[in-house]
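Reader: I'd like a close look at one loop here, and then whatever else you can tell me about how the rest is put together. Could you walk me through that in plain words?

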Amino acid sequence: MKVLVTGGAGFVGSHTVVELVAAGHDVQVVENFCNSERWIVERIERITGQPLALDELDIRDHAALLATLKRFQPDAVIHFAALKSVSESAELPARYYDVNVGGTATLLEAMQEVGCARIVFSSSATVYGQPEACPVPESAPVNPGNPYGRTKLIGEWLIRDCVAAPGASLSAAILRYFNPVGAHPSGLIGELPRGVPNNLAPYITQTAAGQRDYIRVFGDDYATPDGTGVRDYIHVVDLAKAHVAALDALVRNEARELTLNLGTGRGYSVLELIETFSSVVGHAIPYQRQGRRVGDIGECWADPSRANHVLGWRAEKSLLDICADAWRWQQACSGRDALDPAVA
Ligand code: UD1
């Protein structure tokens, strides 16, 4: 199948491109590298052993996007291109709505113009906000607590409205990710946070590598077994495979619109994650308990049974796999300037 991937050099995007090529799909990436690196494209090519078709463009550029769509004539689009920092979204809400909502609208219009009738959308468990209970099913109320989460929820609404429009032929898989972590087992691609990481896993690996003094554990008084926050950490390769399975489900005409949680169905605490990383790294990783981070929730893990059933997919990699792969990637990045293509 011909698959257009927006944001194909990003964290989840790059791993999904690898799995799409492995599954025999013909992939075209569009990417503006606003939060990713050009050398990731070469790394993807090294893993797949094939050249990767890439058009450098911004998804808000309707003319450029349409030109790619007209030339490539995709059977489906997987849409990752978006801004994803919760804290930045609070500072720059208009920018987040422009890229995440405006970009998605431009993409949907251009897809309609070329008759492309399948979309897989990168959404987030952040649409649930503070869940009433765990595990969280897709039917749980949505109530995102920040602009980033609201742009994802509006993206979902936008896509559902396009599916429901009179005469529309669009079908859509809306994938709500829990906490994507890990890296490709080759150590060639992984997460590349710019500056100080907001997310826990890259903060742990950078601390283990000596780049940061200690991990700040945000909150130890949550109603969880050890008082620290509990999340559903899903290996990025498992997540990538779910996108390939979602495409297959759309082709099988499983439903016009599928909203699916992508998680493992198991929660781990901050301290459990630090301990597992320590066992992989071979030494204790320093941490200090601090107050809660504003906007954080105590616990959130998925009920992934719908995705398991509809996609015939489940997350297979363990927390140990996650830590081992993330650490291999961290080591590949450490001791040199990973952002410099000459040494990457
Ligand atoms: C965060 C975002 C969420 C986004 C997700 C993407 C917030 C409030 N939420 O989720 O919208 O979809 O990333 O991956 O930013 N922690 C520490 N020390 C740290 C960093 C995190 O203790 O330095 C804790 C947090 O309190 C939390 C857990 O680690 O309990 C996971 O945090 P993080 O990786 O930032 O993910 P989320 O907060 O779940």
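Author: Asparagine 253 sits in the loop between helix H8 (236-251) and strand E11 (257-262). Keep in mind that this is a predicted model. What's odd about asparagine 253 is its backbone: phi is near 60°, a positive value in a residue other than glycine. Is asparagine 253 buried or exposed? With a relative accessible area of 63%, asparagine 253 is exposed, since the cut-off for that word is over 50%.

Glutamine 73 makes a handy partner for that story. Its phi is positive too, at about 50°, although glutamine 73 is not a glycine. You'll find glutamine 73 in the loop between helix H3 (62-72) and strand E4 (76-79). Here the relative accessible area is 39%, so glutamine 73 counts as partly exposed.

Another backbone quirk is the peptide bond joining cysteine 134 and proline 135, which is cis, with omega about 0°. Proline 135 belongs to the loop between strand E5 (118-124) and H6.

Cysteine 134 brings us to the sulfurs. How many disulfides does the structure hold? The count is zero. Take cysteine 300, which is in no disulfide: the nearest cysteine sulfur belongs to cysteine 134 and is 5.5 Å away, while a disulfide needs the two sulfur atoms within 2.5 Å. Cysteine 300 has 5% relative accessibility, so it counts as buried. Cysteine 333 is in no disulfide either, and there the nearest cysteine sulfur, that of cysteine 323, is 16 Å away. At 16% relative accessibility, cysteine 333 counts as buried as well.

Now for the helices, beginning with the one that follows that cis-proline loop. Helix H6 (residues 147-164) packs with helix H5 (residues 93-114) at an angle of about 20°, their axes 9 Å apart. That angle is under 35 degrees, so H5 is roughly parallel to H6. The crossing of H5 past H6 is right-handed. On the H5 side, the contact includes Pro93, Tyr96, Tyr97 and Asn100; on the H6 side, Arg150, Ile154, Leu158 and Cys162 are among the residues involved. Sorted by type, the residues of the contact of H5 with H6 come out as 12 nonpolar, three polar and one charged.

Compare that with helix H9 (residues 270-281) and helix H11 (residues 319-333), whose axes come within 9 Å and cross at roughly 60°. H9 and H11 are therefore oblique to each other. This crossing, H9 past H11, is right-handed. From H9, residues including Glu272, Leu273, Thr276 and Phe277 meet a set in H11 that includes Leu319, Cys323, Ala324 and Trp327. The residues of the contact of H9 with H11 split into 10 nonpolar, two polar and one charged.

Leu273 turns up again if you look at leucine 200, which touches it along with Ile215, Tyr233 and Val270, leaving aside residues up to four places away in sequence. Leucine 200 itself is found in helix H7 (residues 200-208). Where does leucine 200 stand relative to asparagine 179? In sequence, leucine 200 and asparagine 179 are 21 residues apart, and in space the C-alpha to C-alpha distance is 9.8 Å.

How values were computed
Residues numbered from 1 in each chain as written. Predicted model: local features only at pLDDT ≥ 70, side-chain atom pairs only at ≥ 80, totals over all residues. Heavy atoms only, no water. Axes fitted to C-alpha atoms, helices over the stretch in contact; angles between N-to-C directions. Helix = DSSP H or I, 4+ residues; strand = E, 2+ residues; numbered from the N terminus. Parallel < 35°, antiparallel > 145°, perpendicular 65-115°, else oblique. Left-handed = near helix turned anticlockwise from the far one by under 90°. Contact = heavy atoms within 4.5 Å. Nonpolar A, V, L, I, M, F, W, Y, C, P; charged D, E, K, R; others polar. Buried < 20%, exposed > 50% of the residue type's maximum accessible area, 1.4 Å probe, protein only.
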